Structures are given as C-alpha cells and as structure tokens.
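Visitor: I'd like a close look at one loop and the odd backbone spots in it. Could you start there and then work outwards to whatever helps me place it?

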Amino acid sequence: MRFLFSFVAWLSVSVTNCTEVHLIEPVEFGTVFDSTAAASVVRPPQLQARFHKSPGIRQVFELPDDPMLSLQWYLYNYGQLNEKGVKGIPGADIGLFPALSIYSPKREIIIAVIDSGIDLTHEDVDSTVLWTNPHEISGNGIDDDNNGYIDDIHGINFTHTVHDVQDRHYHGTHVTALLSSIRGNGIGISGATPSIKIMPIVIFGLGSTATRDQIALGIRYACDHGAQILSNSWGSKYDNANLKEAIEYCHKKGVLFVNASGNSRENVDVEPQFPTNYQVPNQIVVGATDNRDRSAIFSNYGEQVDIAAPGDMVLSLMPKNNYRALSGTSQATPLVAGALAMLWAHEPHLTHMEVKARLLNTSDQFLALSRWVRSSARLNMYNLLSGREGRRLPEVPKGEIKKRAFGLESRHPYSMNHHNVWKFTFDGAKAIRLHFKRFELDTYGDFLEIRDAQAQVADRLNGDLGQNFYSQWISGDVVEIEFFTDKSLQLWGFEIDHIEVISASNP
Ligand SMILES: [Ca+2]
Ligand SMILES: [Ca+2]
Ligand SMILES: [Ca+2]
C-alpha cells in the first residue's frame, strides 16, 4: 500500500493576499481509492448487526451497505488494521451506529462548514443536503433578501463568485463529507449525520484565501441565517478582534462554534492559536485520537482543548469521485459538530450551553488523553444521545505517596531507528508514576509509551515537554515502557530520575 507522508501543519494556502489564516492541512495522506477500487473494498465480515458492548447494554444495531465501511474505523472499530498497519481497539470509535438505533430527530439542524466548499459532483454527495436560503431567488442577479449577497441560495463564497459553493481545493469536501456523505446508498463511505443541512461558507479557494474580516462576516452570516453549529477546520497564529467578536455574536445567538486545535503538537496555552484561544464560552475545541484511543501524535493540546474525536487516518471523499484517508484535527472537528447536531435534533429544547455540557459529561475518558485534552475524553455518540455518563478515569488509590529511587534515560541525543521495551515490577505498589527530569522527542515519528500490567496505555509522550513533570498514575505494581524512534531527527531524548509510589497499606 502506498503512502505519502507530509508532516506539514498549518500550511499556508494564501498566495494572493497576506491573511495569515490557514486551512489546517493533514499531516498524513493515505491511499487514493477511485470508484472502482472503492467498490472492491472488502466489507466487514458478517457485520450486519452487532451487540453494543457497553456495560449493561445489549443492543442490536444495523450497519449500512456502503462498501468502504470497513476502512471507516472512526465510525465502526472492530479491531481492524488501519492503513498504517496499526490494529484498532474494538469500540475505539464515535459510536454512531448504536446512537442511530435510539435516534429520534424532531427537526433539522443547519451546520455551517467554514472551509473550501464541497464537491457537488461527487458520486457520494447528494446536493439536496445543502441548506437553501428561503428568501433568495436563485440566478436572477438580485439580492432578493437584501442581506448584501446576490443569489446566495446555498451559502456564500468569499474567494470566487459569491453564490458558488463548489469546492476548488479538496479540504472542504473531505471535511464536509464526514457529515453529509450518503449513508446506505451502496456507494463509497457512510456519512455520519442524518437530518442536517449543510451551509457552506467558502473562505478558501485554489490559491486564494478570504481575509480575516471576510471570515468574520462569514461567521456572522451563518449565525444570522439559521446555522446552529459552525464547523471550523482552519486557524491562525494571529489574533483578530473582528473574528473574536463574530464568535461572541454567535454565542449571544445561542450558536455553537466547533474548531480544530491544530496539527503541530503545540501547547496552545504556551503558543496561542486562533480561534482556539479566544475562549468564548460557545467554543468547543477539538483534538484528535487514533484507532487505539490515544492522542494522535500531531494534535495540539492544552487547557483550551475541550475534547477529542477520531482524526488519525480518517477516510472521506476527495474531488473527482476519489476517496482518501487523511490525518488531522480538521477531520475530528466535523465528527463532533455532527454529533452535536444529532443531539440537538433529538432534544430540540436544549440550549447551546446545555448541548456543550452534555458533550463533556457523556464522552469517554482515557488516561492516554489526559495530558493532551482538558476533559481527557473522546466523543461517544451513544452516550451523548442517551445522556449516559461516559467512562471515567480510574481513581488514584488512596495512601501515602513516597518517592523511590529509579533511573532510566535515553542517549543524548538518542539514536535513530531504535526500539526498546522495558518492564519493571515494584513490589507492594498500588500505583506508580514516573518523574521526567527532561523530555524532548521528535513530534511526528518518535514516542515513549507507558503501560500497566494489562497493557493499557497510561501515557504516551512525544514532542518537547520540557523539564520536571510526572507521568499519569499507572495502576498496579508493573510499569512497561516502550521507546520508539524512526529514521529521522535525533533530539535530546528523555531522562526519568525517580518515581513516586503509592503502596498497599498494611492491614
Ligand atoms: Ca441575498
Ligand atoms: Ca437573487
Ligand atoms: Ca455512501
């Protein structure tokens, strides 16, 4: 299988004007499938119905007949390999199909996707999913609803003819199709969200980008024309008052603003990024997970990152009837936006802040996300719709915390193409955590993974994490440490200089 890896994040697509706003470009590109290849993908074996495995729930759910479903681990993870050969953990997905089995929409929700438009000619796109402006007459050259935009029948475009929402890039098609591809049509992929309308706000074209003031106008347009959720897979390192005011305007109108955290494995508390760091209450900032419920290696992190959703090798549509998996927080973001739309259609009485609170309370927490996501949690759509509290982190055992001598370090700098697994047992320990004196690994290819005796990931570290910090608490008396480096970039490495232990108390 062929791969192109391009570890470029926040790549500028702006050529004609200096806007400093970027689409959040993927960091990995999978194989390109055309229609013929798509039709020949092996279907999941005998998976027309399965039992939901959540504790206390036995529920049959149906799977649609879209031929590429087995490659959509983010919708249905039954332990299949992803394109990189990494085996998934069954259930490490957003739980769409269990959610559909209890879904009862009362109305349609409009999602504005602020991106590069959508390829309306794609075989797995139905153009009737587009929102229609009820007060505009198409093609008469007149601004019938007097909103300042002529013939804006399905959205607006700031880079090309104002009414034309056809994608000339690829990013908007990939992102939007995660919401809107036709489910159960026997073609391509399964889209995630029924009973929505898509309002494209086109701010990126091929070689052109809207100005930040135009993007702010686009945000206001969406809120003024009935969009209740805005999906945003773009960002900037630079602050802009108009953008922030537009998001605040949406907040006052009860609209949710979902945005990607970015793909450069940066701590946004230290390296502010926008819109992430505006911190308007209606914002939901989304990080990315992989098919084992770990933080994707590129996902930006910090206190402003609210939640995570699948964003590693996520298959969706590309222009010209193609399909391709891409990795990025851009892909995680519409999955969250779509889930929120389903909840709002299911329970229309909720306010936007109640929808946000429900998301955070019902998502599943994982230790391997704790360092990277404020809620430690990944979206679970079944829980979101049913209102069930999500999986919670294990409690740290009570007891006296004692420092113990321990040391483990890499070479400085470390070697390339290195792989080592160590296993240590600390007799009498109920829980252990490792103290890092310093940690600096390459962001994209290298990692240190810390697991317990059951091989559950307690922490997975990469990037430049600085000095003097602890790992998450590892349950039990066994710690397994895996150190992996690839064939590029040698940085300083890591040094563990002691541990802390909570011991089993004497009876
Ligand atoms: Ca108009
Ligand atoms: Ca008109
Ligand atoms: Ca389909």
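Guide: A quick yardstick before anything else: a residue is buried if 20 or more other C-beta atoms (placed from the backbone) lie within 10 Å of its own, exposed if 12 or fewer, and partly exposed in between. Also, keep in mind that you're looking at a predicted model, where local features need pLDDT of at least 70 and side-chain atom pairs count only at pLDDT 80 or more, while totals for chains, interfaces and linings use all residues. Residues are numbered from 1 along each chain as its sequence is written, with chains lettered from A and ligands numbered from 1 in the order in which they are written.

Now for your loop: go to the stretch between strand 13 (256-260) and strand 14 (283-289), which is where P275 sits. Helices (H or I, at least four residues) and strands (E, at least two) are DSSP runs numbered from the N terminus. Find F274 and P275: the peptide bond joining them is cis, with omega about 15 degrees.

R265 belongs to the loop between strand 13 and strand 14 too. What is the phi of R265? The value is near 50 degrees, which is positive even though R265 is not a glycine. Is R265 buried or exposed? With 22 other C-beta atoms within 10 Å, R265 counts as buried.

From R265 you can hop across to D464: these two are 199 residues apart along the chain, yet their C-alpha atoms are separated by 8.8 Å. D464 is part of strand 25 (residues 464-470). Unlike the buried R265, D464 is partly exposed, because 15 other C-beta atoms lie within 10 Å.

The domain assignment helps you place that pair. It gives domain 1 as 4-386 and domain 2 as 401-503, the bounds being from an automatic or database assignment. Taken over C-alpha atoms, the centres of domain 1 and domain 2 are 34 Å apart. In the contact between them, domain 1 supplies 11 residues and domain 2 supplies 10, where contact means that C-beta atoms placed from the backbone lie within 7 Å.

Two other loops are worth a look alongside yours. N321 sits in the loop between strand 16 (314-318) and strand 17 (322-327), and N321 has a positive phi of about 60 degrees although it is not a glycine. N321 is partly exposed, because 19 other C-beta atoms lie within 10 Å. For a cis peptide bond, try H412 to P413, with omega near -5 degrees. P413 is in the loop between strand 20 (401-409) and strand 21 (419-425).

Last stop, the helices. Helix 6 (residues 329-346) and helix 7 (residues 352-362) have axes that come within 10 Å and cross at roughly 120 degrees; axes are lines fitted to C-alpha atoms over the stretch in contact, with angles from 0 to 180 degrees between N-to-C directions. Here L340, L343 and W344 of helix 6 meet V355, R358 and L359 of helix 7. Helix 6 also pairs up with helix 3 (residues 171-180), their axes coming within 8 Å and crossing at roughly 35 degrees. Helix 3 brings H171, V175, T176, L178 and L179 to that contact, and helix 6 brings S330, Q331, P334, L335, A337 and G338.

Key: Two residues are in contact if their C-beta atoms, placed from the backbone, lie within 7 Å.
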